[in-house]
Amino acid sequence: GADSKTQSDLLNKVSKLLASATAKTEALEEAREAAEAESNSEHRAKAFRDKVFTAQAALREDIDALEVLLPKDLWPVPSYADMLFGF
């Protein structure tokens, strides 16, 4: 009979972020493949700058938000803090 609104809200937030991250991961992969398919090195560089980097930054927003919400022992990869500061 306890109020579970907080847990339900957290689950919904994590689920939405995971769904968004999944879609953004697919978009990043498509952008990377398209950039790598460019035969002209200038066009390839511009594609990485304009498409791949943009897709990567968008994905990072979701991953950063998830990293804060999920317990460290459930996070499958090193956290941003781990990589930067060796925690």
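G86 sits in the segment that follows helix α3 (80-85). That makes a handy way into this predicted model, a protein with three helices and zero strands. Along the sequence, the order of elements reads α-α-α. The radius of gyration is 17 Å, well over the 12 Å that the globule rule gives for 87 residues, so the protein is more spread out than a compact globule.

**Overall shape and burial**
- Measured out along the principal axes, the C-alpha trace covers about 65 × 30 × 15 Å.
- Of the 87 residues in the protein, 17% are buried.
- Among contacts with a sequence separation of 6 or more, 53% join residues that are 24 or more positions apart.

**How α1 and α2 pack**
- Two packed helices are described by the angle between their axes and the distance between the axes.
- Here, helix α1 covers residues 5-37 and helix α2 covers residues 41-69; they pack at an angle of about 165°, and their axes are 9 Å apart.
- That angle makes α1 roughly antiparallel to α2, since angles over 145 degrees count as roughly antiparallel.
- The crossing of α1 past α2 is left-handed.
- Sorted by class, the contact of α1 with α2 holds 19 nonpolar residues, together with eight charged and three polar ones.

**F53, in helix α2**
- F53 belongs to helix α2.
- Is F53 buried or exposed? Its relative accessibility is 54%, so F53 counts as exposed, because the cut-off for exposed is over 50%.
- From F53 to G1 the C-alpha separation is 48 Å, and the two residues are 52 positions apart along the chain.

**A37, in helix α1**
- A37 is part of helix α1, whose range is residues 5-37.
- With a relative accessible area of 62%, A37 is exposed.
- Which distance separates A37 from A47, C-alpha to C-alpha? The two are 10.0 Å apart in space and 10 residues apart in sequence.

**G86, after helix α3**
- Returning to the starting point, G86 comes in the segment after α3 and is exposed, its relative accessible area being 62%.
- G86 and K13 are 73 residues apart in sequence, and their C-alpha atoms are 28 Å apart in space.

**To take away**
- The protein is built from three helices without strands, and its radius of gyration of 17 Å marks it as more spread out than a compact globule.
- For the α1 and α2 pair, keep in mind the roughly antiparallel arrangement and the left-handed crossing.

Conventions
Residues numbered from 1 in each chain as written. Predicted model: local features only at pLDDT ≥ 70, side-chain atom pairs only at ≥ 80, totals over all residues. Heavy atoms only, no water. Axes fitted to C-alpha atoms, helices over the stretch in contact; angles between N-to-C directions. Helix = DSSP H or I, 4+ residues; strand = E, 2+ residues; numbered from the N terminus. Parallel < 35°, antiparallel > 145°, perpendicular 65-115°, else oblique. Left-handed = near helix turned anticlockwise from the far one by under 90°. Nonpolar A, V, L, I, M, F, W, Y, C, P; charged D, E, K, R; others polar. Rg over C-alpha atoms; globule rule 2.2 N^0.38 Å. Buried < 20%, exposed > 50% of the residue type's maximum accessible area, 1.4 Å probe, protein only. Contact = heavy atoms within 4.5 Å.
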